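Student: Can we walk through this fold together, piece by piece? I'd like to see how you reason from the coordinates to the answers.

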Amino acid sequence: MRINQLKPGVTIRDWLNGKVIHFEVLDVKPVGSKFEVTFRSPLGHASAVYPGNAFVTVAS
């Protein structure tokens, strides 16, 4: 899914040290031509800025 299509509540899947980690999207805000995404995971809360056309893997 593209970053600019994310909505709060969507779960993203990523890998860290060979283990799957799930990140719940809490907020998505446009910042110029990019988007700031705030996540919650077992590691805590964090935000990151991505180009709007970047892709992430959505957990099913």
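Tutor: Happy to. Before we talk about pairs, one definition: two strands pair if DSSP finds at least two bridges between them. Keep in mind that this is a predicted model.

Student: Which residue in β4 stands opposite Ser 41?
Tutor: Start with the strands: β3 covers residues 34-41 and β4 covers residues 44-51. A hairpin joins β3 to β4 through two residues. Across from Ser 41, in β4, you find Gly 44.

Student: How many bridges join β3 to β4?
Tutor: The two strands run antiparallel. One facing couple along them is Val 37 and Ala 48. The count of bridges joining β3 to β4 is eight.

Student: What about the hairpin of β2 and β3, which residue there takes a positive phi?
Tutor: Seven bridges tie β2 to β3 in an antiparallel arrangement. Val 31 has Lys 34 in β3 as its bridge partner. The hairpin has two residues between the strands, and the one with a positive phi, near 65°, is Gly 32.

Student: And in the hairpin of β1 and β2, what phi does Asn 17 take?
Tutor: β1 is residues 11-16 and β2 is residues 19-31, antiparallel and joined by six bridges. Two residues lie between these strands in the hairpin. For Asn 17 phi is positive, near 55°.

Student: Why is one side of β1 and of β4 left without a neighbour in the sheet?
Tutor: Lay out the open sheet: four strands, antiparallel pairing, in the order β1-β2-β3-β4. β1 and β4 stand at the edges, so each has a single partner strand. From one strand to the next, the twist averages 40°. The reason you asked for, then, is that β1 and β4 each have a single partner strand.

Student: Which strand gives the largest share of the largest nonpolar core?
Tutor: That core has nine residues, among them Ile 3, Leu 6, Val 10, Ile 12, Val 25 and Val 56. Phe 35, Val 37 and Phe 39 belong to the core too. The largest share, three residues, comes from β3.

Student: Ile 12 is in that core; what is its bridge partner in β2?
Tutor: Setting aside neighbours within four places in sequence, Ile 12 is in contact with residues including Leu 6, Val 25, Phe 39 and Val 56. Its contacts also include Ile 21, His 22 and Phe 23. Of the residues in β2, the bridge partner of Ile 12 is Phe 23.

Note on methods
Residues numbered from 1 in each chain as written. Predicted model: local features only at pLDDT ≥ 70, side-chain atom pairs only at ≥ 80, totals over all residues. Heavy atoms only, no water. Axes fitted to C-alpha atoms, helices over the stretch in contact; angles between N-to-C directions. Core = buried A, V, L, I, M, F, W, Y, C linked by side-chain atoms within 4.5 Å. Buried < 20%, exposed > 50% of the residue type's maximum accessible area, 1.4 Å probe, protein only. Contact = heavy atoms within 4.5 Å.
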